Amino acid sequence: LKSPYHGGHLEVVVGPMFSGKSEELIRRLNRSIIARQQVAVFKPAIDDRYHAAHVASHSGQLTPALAVGNTAQVRQHLDAGLPDVVGFDEAQFFDAGLVPLALELADQGVRVVLAGLDLDFRGEPFGVMPELLSRAESVEKLTAICMVCGAPATRTQRLIGGQPAHYDDPVLLVGASERYEARCRVHHVVMR
Ligand code: ADP
């Protein structure tokens, strides 16, 4: 006799900044919460410490989450028991351990929902995202609205002091005058 399908799988939601990834993650997780499923949500912490936080969308929606310094902390947290659904926001900032962790969870019957940037500010694949996209059962690519022409925006424009950032700038930049805009392919500019 074959055992029934346990429902474990990976869902990935990607797109540029402002495309509604966090909104979509919150929408998917809220339905599970309403159905009284156990849901755990993780996001990367700016510092190394594990603390209570929220996943927030640019439009102001919130869902409780745990901020973690790395995937080892996610594992520690899940050692207490597996929820029905595990969500990850800003998945692009997690370490490479996110891929085996997500796969193990799915194999154990957990629905894993990951939201993150598919491309960095240069338009290059971002961190662990390519591998997650390949391995996911479901992939949704969202678009924002290009701030220059109004076309669907698939890229994130980084502006430093109002000017397009340089290709060689670090992917992670702690700076005062840095700003991001959603842009289409034509209006996404990277200085070389
Ligand atoms: P993401 O997680 O992809 O950055 P969020 O879910 O946090 O996106 O925010 C999406 C919200 O951002 C939209 O509902 C809208 O209110 C706002 N927004 C700001 N700029 C734009 C833009 N250029 N195109 C579309 N939405 C935008």
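**Fold and ligand shell of the predicted model**

The protein comprises 4 helices and 12 strands (DSSP runs numbered from the N terminus, with H or I of at least four residues for helices and E of at least two for strands). This is a predicted model, in which local features need pLDDT of at least 70 and side-chain atom pairs count only at pLDDT 80 or more, whereas totals for chains, interfaces and linings use all residues. Residues are numbered from 1 along each chain as its sequence is written, and side-chain values use heavy atoms, leaving out hydrogens and water.

Turning to overall shape, the C-alpha trace spans about 60 × 35 × 30 Å along its principal axes. The radius of gyration is 17 Å, which agrees with the value near 16 Å for a compact globule of 192 residues (taken over C-alpha atoms; the rule is 2.2 Å times the number of residues to the power 0.38). Of the 192 residues, 43% count as buried (under 20% relative accessible area, 1.4 Å probe, protein chains only).

Now to the ligand. It is surrounded by 15 residues, the closest being Phe18, Lys21, Ser22, Glu23 and His58 (a heavy atom within 4 Å). Polar side-chain atoms of Lys21 and Glu23 lie 2.7 Å and 2.5 Å, respectively, from an oxygen atom of the ligand, and a backbone N or O atom of Ser22 lies 2.9 Å from a ligand oxygen atom (polar contacts are pairs of N or O atoms within 3.5 Å). Helix 1 gives the most to the shell, with 3 residues. Domain 1 (9-142) and domain 2 (143-192) both contribute to this shell, so the ligand lies between them; the bounds come from an automatic or database domain assignment.

Definitions and conventions: A polar contact is a pair of N or O atoms within 3.5 Å; within protein, one must be able to donate a hydrogen and the other to accept it, and residues adjacent in sequence count only if both atoms are side-chain atoms. Buried means under 20% relative accessible area, exposed over 50%, partly exposed in between (1.4 Å probe, protein chains only).
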